[in-house]
Amino acid sequence: WGIFFIIVFANSKGGGFVNGISQAGYNLLDKPFTKLGANMEARRRAEGVYPHNEIYTPSPDDLNQSFQDYAADLEHRRSIGLQHPGEEGVNFENGRVQLSGTVPVMMINGLLCKVIFDHNPTNEFFVEESFPLDWMYPYETPFGIIMKINRHPLSSIPDDVFKKDHEFWSKYSERLCGNWITYDTTVQQIADFAQKVYLQHDLSNFKGDPKFVRDDDGQKAFSKLRSSIAGVYAWRLDQRFCPPEYQPKNEHERTNLVRETDFAFKQAFAFCPYSPEAVFRYVNFLLPLGRFDDAITVAETCSKLDPYNDQVKGLIAQLKSFKENAGQRSEMQDQLQTMEQRAQTNPGDFKNVLQLGDLFRQMQQTNVAIQLFQQTTAIAGDKALSDTNESTDNLTALAQIYAELGNLAKVEAALERCVKIDPDKPETHYDLAALKTILGKKDEAIQQLKIALALSDARLKTNSAALNLMNTVRNDPRFDPIRKSPEFKKLVP
């Protein structure tokens with residue numbers, strides 16, 4: 001380096017000194033190493049070490065599109081009451097979406113993952129789940145401790161997939177807590193094991209690796225991996241979010257799915273009985289099956305190992321309340337069956353349809369039941385809309401049902417009938433104005449709002465305690481699309 005410096009110095013004058021160093025460094029270092037790197041990359045691509053082409057990654061346009069797709073999907077799911085926990089903080093203001101919390105951000109990240117998946121059709125994809133992503137569920141199957149994202153969605157999970165997954169995790173658990181969990185192992189037996197091993201540190205007759213019992217991170221990690229696979233299975237049993245084409249096709253298929261889901265959750269619970277994710281996911285699986293005692297056992301075991309977790313304490317109280325109300329729910333189920341039969345034999349019985357709708361809201365019934373409800377509502381609702389003697393109370397209830405079914409055109413028809421029957425009620429005109437705003441019918445919305453505010457002002461003159469709709473409309477987000485228009489500002493200064 002001393003000789004190199006002298007040579008450069010001797011041949012440099014002023015600014016040429018720096019240029020000389022730069023040029024020498026480029027010739028002696030950059031060019032050879034750049035050439036070596038290019039040759040190495042070309043050789044490794046030829047040998048299959050590197051891919052021939054890099055995978056497609058999302059662009060800013062893809063991000064914008066994913067944002068818009070998520071907003072549209074959330075708006076639709078909200079209209080039918082199917083938003084996920086954690087999406088409550090998403091707001092729509094002036095045509096823009098404001099995100100708040102982890103869930104909506106991860107949902108958009110999931111859509112970006114879908115962009116990568118769709119744009120790279122020749123690549124294989126695998127996932128170690130960090131956050132459950134809805135779009136992946138139909139494509140996922142277990143692949144050892146992680147999952148494979150298959151190129152096409154599976155209408156059902158094949159039996160051989162269940163078998164391989166069951167055998168793999170049974171064998172794998174030998175190095176963790178031991179291979180002793182079977183289909184017939186009860187939740188109480190796992191709870192007893194958890195208290196003995198993790199709480200009392202009694203390793204007598206323990207069949208696993210003692211190091212695993214001392215490894216909190218290992219317990220959480222393997223429980224997470226196993227509960228993620230159980231979650232893929234459980235999704236196909238969730239009639240709220242799983243489309244019918246991915247649900248079990250017959251009782252035999254359903255029985256197998258329930259059995260494997262239960263087995264996977266048992267292992268996840270045994271690996272880490274204080275993992276909130278394993279506990280809450282398992283409880284959500286047990287509740288629709290009516291296994292309240294097992295769900296309470298799972299939550300209480302978690303609380304013993306994590307006594308300062310208030311969420312788990314709240315879960316226990318909630319589960320005990322569910323159990324107490326189980327008898328009442330059974331009576332409601334019998335009542336529902338009777339009303340469904342009546343709806344099938346006499347679909348024009350509007351009173352029965354209204355009662356059926358109220359019961360559906362309480363019980364969160366299956367897609368099949370909701371389909372029946374839609375059919376009976378279509379018949380009874382059309383009859384009610386054309387009946388000149390129908391009461392406004394029934395029509396208002398009908399409008400609410402149509403809103404829950406996402407049929408805004410029928411909501412509009414029901415409210416317009418209410419306005420004709422009782423034209424002096426300001427609230428009806430007000431609700432109709434809000435709906436027409438949502439439907440983009442600005443002129444009609446302004447006209448109905450003008451009537452509503454005039455009727456409200458007249459009522460206040462005789463009843464000062466009555467609702468003042470002028471105060472209500474100032475903060476009603478339903479009118480945001482027209483709030484800046486001159487016509488609206490004239491009505492609501």
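Guide: In this tour, helices are DSSP runs (H or I) of at least four residues and strands are DSSP runs (E) of at least two, numbered from the N terminus. The model you see is predicted. With those terms in hand, His-201 can be placed in the loop between α6 (187–199) and α7.

Visitor: How many helices and strands does the secondary structure of the protein come to?
Guide: The protein has 493 residues, of which 40% are buried. Its secondary structure comes to 21 helices and five strands.

Visitor: What share of the exposed area of the protein do carbon and sulfur atoms supply?
Guide: The protein exposes about 27600 Å². Carbon and sulfur atoms supply a share of that area equal to 53%.

Visitor: Among contacts between residues at least 6 apart in sequence, what percentage join residues at least 24 apart?
Guide: Here, contact means heavy atoms within 4.5 Å. Among contacts between residues at least 6 apart in sequence, the share joining residues at least 24 apart is 57%.

Visitor: How many aromatic pairs are there?
Guide: Rings of Phe, Tyr and Trp pair if their centres lie within 6.5 Å. Counted by this rule, the number of aromatic pairs is 24.

Visitor: Is the pair of Trp-169 and Phe-271 stacked, edge-to-face or tilted?
Guide: The ring centres of Trp-169 and Phe-271 are 6.1 Å apart, with the planes at 35°. Planes under 30 degrees apart count as stacked and those over 60 as edge-to-face. An angle of 35° falls in neither group, so the pair is tilted.

Visitor: How many residues apart are Trp-169 and Phe-271?
Guide: Trp-169 is in helix α5 (residues 159–172), while Phe-271 is in helix α9 (residues 251–271). Trp-169 and Phe-271 are both buried. Their pair links distant parts of the chain, with a separation in residues of 102.

Visitor: What angle lies between the planes of Phe-212 and Phe-271?
Guide: Phe-212 and Phe-271 form an edge-to-face aromatic pair, 6.4 Å centre to centre. The pair links distant parts of the chain, with Phe-212 in helix α7 (residues 210–213) and Phe-271 in helix α9, 59 residues apart. Phe-212 and Phe-271 are both buried. The angle between their planes is 85°.

Visitor: Which residues form one aromatic cluster with Phe-271?
Guide: The pairs with Phe-271 described above involve Trp-169 and Phe-212. The cluster that holds Phe-271 also contains Phe-168, Trp-169, Tyr-172, Phe-212 and Phe-222.

Visitor: Over the ring of which residue does the charged end of Arg-175 sit?
Guide: Two arginines can be described in this way. The charged end of Arg-151 sits over the ring of Phe-117, 4.0 Å from its centre. For Arg-175, the charged end lies 4.3 Å from the centre of the ring it sits over, that of Tyr-172.

Visitor: Is Asn-150 buried or exposed?
Guide: Asn-150 lies in the loop between β5 (146–149) and α5. Buried means under 20% relative accessible area. The relative accessible area of Asn-150 is 17%, so this residue is buried.

Visitor: The side chain of which residue is joined to that of Asn-150 by a polar contact of 2.9 Å?
Guide: Not counting residues up to four places away in sequence, Asn-150 touches residues including Phe-117 and Glu-140. A polar atom of the Asn-150 side chain also lies 2.7 Å from the backbone oxygen of Tyr-139. The polar contact of 2.9 Å joins the side chain of Asn-150 to that of Thr-141.

Visitor: How many residues does the largest nonpolar core have?
Guide: Among the residues with the most contacts inside this core are Ile-149, Tyr-198 and Val-283. A second, separate core of 16 residues includes Tyr-430 and Phe-488. The number of residues in the largest core is 61.

Visitor: What value is phi of His-201 near?
Guide: Most residues other than glycine have a negative phi. Asn-205, in the loop between α6 and α7, has a positive phi of about 65°. For His-201, phi is also positive, near 55°.

Visitor: Is Ala-278 buried or exposed?
Guide: Ala-278 lies in helix α10 (residues 276–286). Leaving aside neighbours within four places in sequence, Ala-278 is in contact with Ser-223, Ser-227, Phe-265 and Ala-268. Its relative accessibility is 2%, so Ala-278 counts as buried.

Key
Residues numbered from 1 in each chain as written. Predicted model: local features only at pLDDT ≥ 70, side-chain atom pairs only at ≥ 80, totals over all residues. Heavy atoms only, no water. Phe/Tyr/Trp six-rings, centres within 6.5 Å; stacked < 30°, edge-to-face > 60°. Buried < 20%, exposed > 50% of the residue type's maximum accessible area, 1.4 Å probe, protein only. Lys NZ or Arg CZ within 6 Å of the ring centre and 35° of its normal. Polar contact = N/O pair within 3.5 Å; in protein donor to acceptor, adjacent residues only side chain to side chain. Core = buried A, V, L, I, M, F, W, Y, C linked by side-chain atoms within 4.5 Å. Areas by Shrake-Rupley, 256 points an atom, 1.4 Å probe, with all protein chains shown as cover.
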